[in-house]
Amino acid sequence: MEDQISKILFSREELLKRIAELGEEITRDYQGKNLLVLAILKGAVPFMADLIHQIKIPLAYDFMAVSSYGASTTSSGVVRIMKDLERSVEDVHILIVEDIVDTGLTLKYLKENLTARNPESVKIVTLLDKPDRRKVDVKPDYNGFKIPDEFVVGYGLDFNEQYRNLPYIGILKPEAYQ
Ligand SMILES: O=P(O)(O)OC[C@H]1O[C@H](OP(=O)(O)OP(=O)(O)O)[C@H](O)[C@@H]1O
Ligand SMILES: [Mg+2]
């Protein structure tokens, strides 16, 4: 598995350090607010698990699953909800947690879909942002790291469902998917 990684971009220590900073900012901004941390399955799970330890106010968390990639390294552009929320969100401030914003198609769809449910607010925190690849205009409110246009895996990010269990973020060698 690790021999398919050409370069480690962020070690576990670097990830945790940045996540602590994000948690501090979020703690400050959501003081006194009814916060729902909404992680997008499956990639955001490791990030969300580390992030919630660093948000030092009461919160609830939930999950949605949407899919646009399948077994490919490029987005199909068609976003489908595979698992939805089971309760109304009218009384909460939603913080969407993503592992990566790439074309932006997933988040644009999600943000519009959730905004239509009339929550108090909808914001986005992503661990990684790949701005060079953006196809639609969507900006994360909180971002861990900007990254170049390379296919990355680890810490929740997959290629064909593999590599999610790596404790760091690395660049996948092109020969691993060609
Ligand atoms: O900005 P975009 O081009 O839309 O890409 C980003 C989305 O793609 C990945 O999810 P994926 O559909 O691979 O599901 P997964 O989290 O289960 O791997 C990632 O977790 C984001 O949700
Ligand atoms: Mg994926």
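How many bridges join β3 to β4, and do they run parallel or antiparallel? I counted 3 bridges, and the two strands run antiparallel.

**Ground rules.** I am working on a predicted model, where local features need pLDDT of at least 70, side-chain atom pairs count only at pLDDT 80 or more, and totals for chains, interfaces and linings use all residues. Residues are numbered from 1 along each chain as its sequence is written, chains are lettered from A and ligands numbered from 1 in the order in which they are written, and side-chain values use heavy atoms, with hydrogens and water left out. My helices (H or I, at least four residues) and strands (E, at least two) are DSSP runs, numbered from the N terminus. Two strands pair if DSSP finds at least two bridges between them.

**The sheet.** I looked up the strand order next: 6 strands form an open sheet, β4-β3-β2-β5-β6-β7, with mixed pairing. β4 (80-83) and β7 (142-146) stand at the edges with a single partner strand each, so one side of each has no neighbour in the sheet. Neighbouring strands are turned by 30° against each other on average, direction ignored. For the β3 and β4 pairing, I noted that alanine 65 has lysine 83 in β4 as its bridge partner.

**Strand β5.** I then turned to β5 (residues 93-101), where 9 of 9 residues are buried (under 20% relative accessible area; 1.4 Å probe, protein chains only). Strand β2 (residues 35-41) pairs with β5 in the parallel sense over 5 bridges. On the other strand, β6 (residues 121-129), I found 8 bridges to β5, also parallel. Isoleucine 94 is a handy marker: leucine 36 stands opposite this residue, and valine 122 is its bridge partner in β6.

**Aspartate 99.** Is this β5 residue buried or exposed? Aspartate 99 is buried, yet I found no salt bridge (a side-chain nitrogen of Lys or Arg within 4 Å of a carboxyl oxygen of Asp or Glu). Arginine 164, the nearest side chain of opposite charge, is 5.4 Å away (Lys and Arg count as positive, Asp and Glu as negative; His and the chain ends are not counted). Among the residues that aspartate 99 touches are Gly43, Thr126 and Leu157 (heavy atoms within 4.5 Å).

**Helices.** In α3 (residues 105-115), I listed Leu105, Thr106, Leu107, Leu110 and Leu114 as buried. Their cover includes β2, β3 (59-67), β5 and β6.

Terms used: Buried means under 20% relative accessible area, exposed over 50%, partly exposed in between (1.4 Å probe, protein chains only). A crossover is right-handed if, with the strands pointing away from the viewer, the path from the first strand over the helix to the second runs clockwise. Axes are lines fitted to C-alpha atoms, for helices over the stretch in contact, and angles run from 0 to 180 degrees between N-to-C directions. Lists of a residue's contacts leave out its neighbours within four places in sequence.
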